[in-house]
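Me: I am new to this structure and would like a close look at a single part of it. Could you take me slowly through one sheet and the surface beside it?

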Amino acid sequence: MTLNTFRNLALTALFLSVSFIGFAKDSGEGEEGEKFDPKEMILHHVKDAYGMHIATLNEGKENESHITIPLPVIVYTDKGFSVFSSSAFHHDYHGHEIVERNGQKFVNVHEKVYVLDEGASEVAYDAEGHPTNAHRPTLDLSITRNVFMMWVSIAVLLLIFLSAARRYKKADDYVPSGIASFVEPLIVFVRDEIAKPMIGDHKYKRYMPYLLTIFFFIWINNIFGLIPILNGANVSGNIAFTFTLAAITFIITTFSGNKHYWEHIFWMPGVPVPMKIFLMPIEIIGMFVKPISLMIRLFANITAGHVIILALMSLIFVFKTVAMAPVSVVFSLFITVIEIVVTAIQAYIFTILSALYFGMATEEAHH
């Protein structure tokens, strides 16, 4: 192992330990005697939030301060729209901080905005921890952490591809240089190893924009989810995100289907009539199972990686000893390295399966 490689690994381990320990402390023993709950800490960090919390300075002291990116909270109730900054909650997600707007009182309970009932001055909970005197707004259009990071990823992708396009325009021989030399092999890979084999040489071009978009969009959001300073913005670990991508793949597949495709679903050729009737509901169910598997696979794999890393770092606070730190950091580093590979693998799997479904929908009958 070279000196540079060792130094990079050491710095990465230090960075991860400091970052994830900060995560745990953020949701751990805030008040005197309060027991650290690893489940609460993990769930808090893998789900969406109303603000971007970067770091806490002078924690536990009188001059404690937070480095955050406030995001707009936009909710609609029977009294109309209410808009305010997420900083109004002062990093509270236990329903203690009350924000009064438009004649209503809003609280943040486990990263969900609730409206207190008329006359209520604080949140009351049932035995299972659900608010009993507060209700969800009719519509929640807030710019959450995941939405913000999606916008960031879109901006980064536009910057990368527009810069690559300018490089090609300036080059007389169209030889890639700079960022274009990084982007071109990936585009060629998606074309030659995914689109052409799965869809065919004559029909792949119409699907290339979508395949390239989901490949890079999923990949870059997965990478952002591994950056601790971004509080692990878990975009691909949000079921709504993966559902939307899977739904788009389903819609494209459905509208791309030719006569041969629909014939195989509703009236399988070459088999007896009783078998046709038996296979038809199975094929119809299969139409919906495919996008559902796309949705769950991406969601589960990305979320699992985050949960494992946070669980490993939680061991330090569960056992309440610094001696556990080297074990937690080493194993967390190992899982993080695997996760770096998984970010690309999951983008590849989602893209190649989407291309496979497109190819099945457009395949011509063989005679």
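Reply: What follows looks at the sheet that contains strand β4, and then turns briefly to another sheet.

The model is a predicted one, and in it three strands form an open sheet, arranged in the order β4-β3-β9 with antiparallel pairing. The edges of this sheet are taken by β4, which covers residues 80-85, and by β9, which covers 139-140; each has a single partner strand, so one side of each is left without a neighbour in the sheet. Between β3, residues 72-77, and β4 there are six bridges, and these two strands pair in the antiparallel sense.

One residue to follow here is V83, which belongs to strand β4 and has I74 standing opposite. V83 has a relative accessibility of 53%, and because exposed means over 50%, V83 counts as exposed. V83 is also part of a nonpolar patch on the surface, which V83 forms together with Y76, F81, L139 and L141, and the accessible area of these residues together is about 460 Å².

For a second view, there is also an open sheet of four strands, in the order β5-β6-β7-β8, where the pairing is again antiparallel. Its edge strands are β5 (99-101) and β8 (134-135), each of which pairs on one side only. Within this sheet, β6, residues 104-108, is joined by three bridges to β7, residues 113-116, and the two run antiparallel; N108 has V113 in β7 as its bridge partner.

Methods
Residues numbered from 1 in each chain as written. Predicted model: local features only at pLDDT ≥ 70, side-chain atom pairs only at ≥ 80, totals over all residues. Heavy atoms only, no water. Pairing = 2+ DSSP bridges. Patch = residues over 30% accessible without salt bridge, like charges linked within 9 Å, V, L, I, M, F, W, Y side chains within 5 Å. Areas by Shrake-Rupley, 256 points an atom, 1.4 Å probe, with all protein chains shown as cover. Salt bridge = Lys/Arg side-chain N within 4 Å of Asp/Glu carboxyl O. Buried < 20%, exposed > 50% of the residue type's maximum accessible area, 1.4 Å probe, protein only.
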